[in-house]
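Let's look at a protein chain together and ask what stands behind the words used to describe it. Here it is.

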Amino acid sequence: MTYNQLVTTLQSLMESHAMIKMVKNATPQEWLFRETQPEFPIALFSINSSTLNKGLEQIYNIQLFFLDKSGAEMEFEQDVISDQLQICSDIVGLIRGTKRAYTIDDEITANTISDKYEDYLAGVEMTVNIYTQGEWDG
């Protein structure tokens, strides 16, 4: 699987979720200063690195964010984190439950985010490895 194929696959999987209004291939720091007013909830992803192992195995390290507005006084924080954690779980289920040319880590930790970014955002972040086979056989 190439980098472009992975980006397209992740974008498509996240856009297929009924609750997600916008998907971006960026970190929160990158899009917060580029977008005027994004639609929420938003899913973000960033491919941090790629490891090329012996044979054709390729491992991509990916960071995923699921964020929504939690209110100026953080009055909706618990509900937002709960919803975003469920969306995160749904996306992992989609990745695991499909017949594709890749696998994902068996154990994944999702970290909660509370008012870390401007606009009173809350949600979850997780970093996973996706294992695939490279296409070049030299």
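Q: What makes up the exposed surface of the protein chain in this predicted model?
A: The protein chain exposes about 7,800 Å², and 46% of that area is supplied by carbon and sulfur atoms.

Q: Why is the protein chain called as compact as a globular protein of its length?
A: Start with the layout: there are 3 helices and 6 strands, in the order α-β-α-β-β-α-β-β-β from the N terminus. The radius of gyration is 16 Å and the globule rule gives 14 Å for 138 residues; the two are close, so the chain counts as compact as a globular protein of that length. Along its principal axes, the C-alpha trace spans about 55 × 30 × 20 Å.

Q: Why is Phe-45 called buried?
A: Buried means under 20% relative accessible area. Phe-45 has 0%, so Phe-45 is buried. Across the protein chain, buried residues make up 45% of the 138 residues.

Q: Where is Phe-45 placed, and which residues does Phe-45 touch?
A: Phe-45 sits in strand S2, which covers residues 42-52. Leaving aside residues up to four places away in sequence, Phe-45 touches residues including Val-7, Leu-10, Met-14, Val-23, Ile-62 and Leu-64. Leu-10 is 35 residues apart from Phe-45 along the chain, with 8.0 Å between their C-alpha atoms.

Q: What share of the contacts with a separation of 6 or more comes from residues 24 or more positions apart?
A: In the protein chain, that share is 59%.

Q: How many charged side chains are there?
A: There are 9 positive and 21 negative side chains, and the centres of the two sets lie 7 Å apart.

Notes: Residues are numbered from 1 along each chain as its sequence is written. This is a predicted model: local features need pLDDT of at least 70, side-chain atom pairs count only at pLDDT 80 or more; totals for chains, interfaces and linings use all residues. Side-chain values use heavy atoms; hydrogens and water are left out. Helices (H or I, at least four residues) and strands (E, at least two) are DSSP runs, numbered from the N terminus. The radius of gyration is taken over C-alpha atoms; the globule rule is 2.2 Å times the number of residues to the power 0.38. Buried means under 20% relative accessible area, exposed over 50%, partly exposed in between (1.4 Å probe, protein chains only). Contact means heavy atoms within 4.5 Å. Accessible areas come from the Shrake-Rupley method with a 1.4 Å probe; for residues, only the protein chains shown count as cover. Lys and Arg count as positive and Asp and Glu as negative; His and the chain ends are not counted. The place of a charge is taken as NZ of Lys, CZ of Arg, CG of Asp or CD of Glu.
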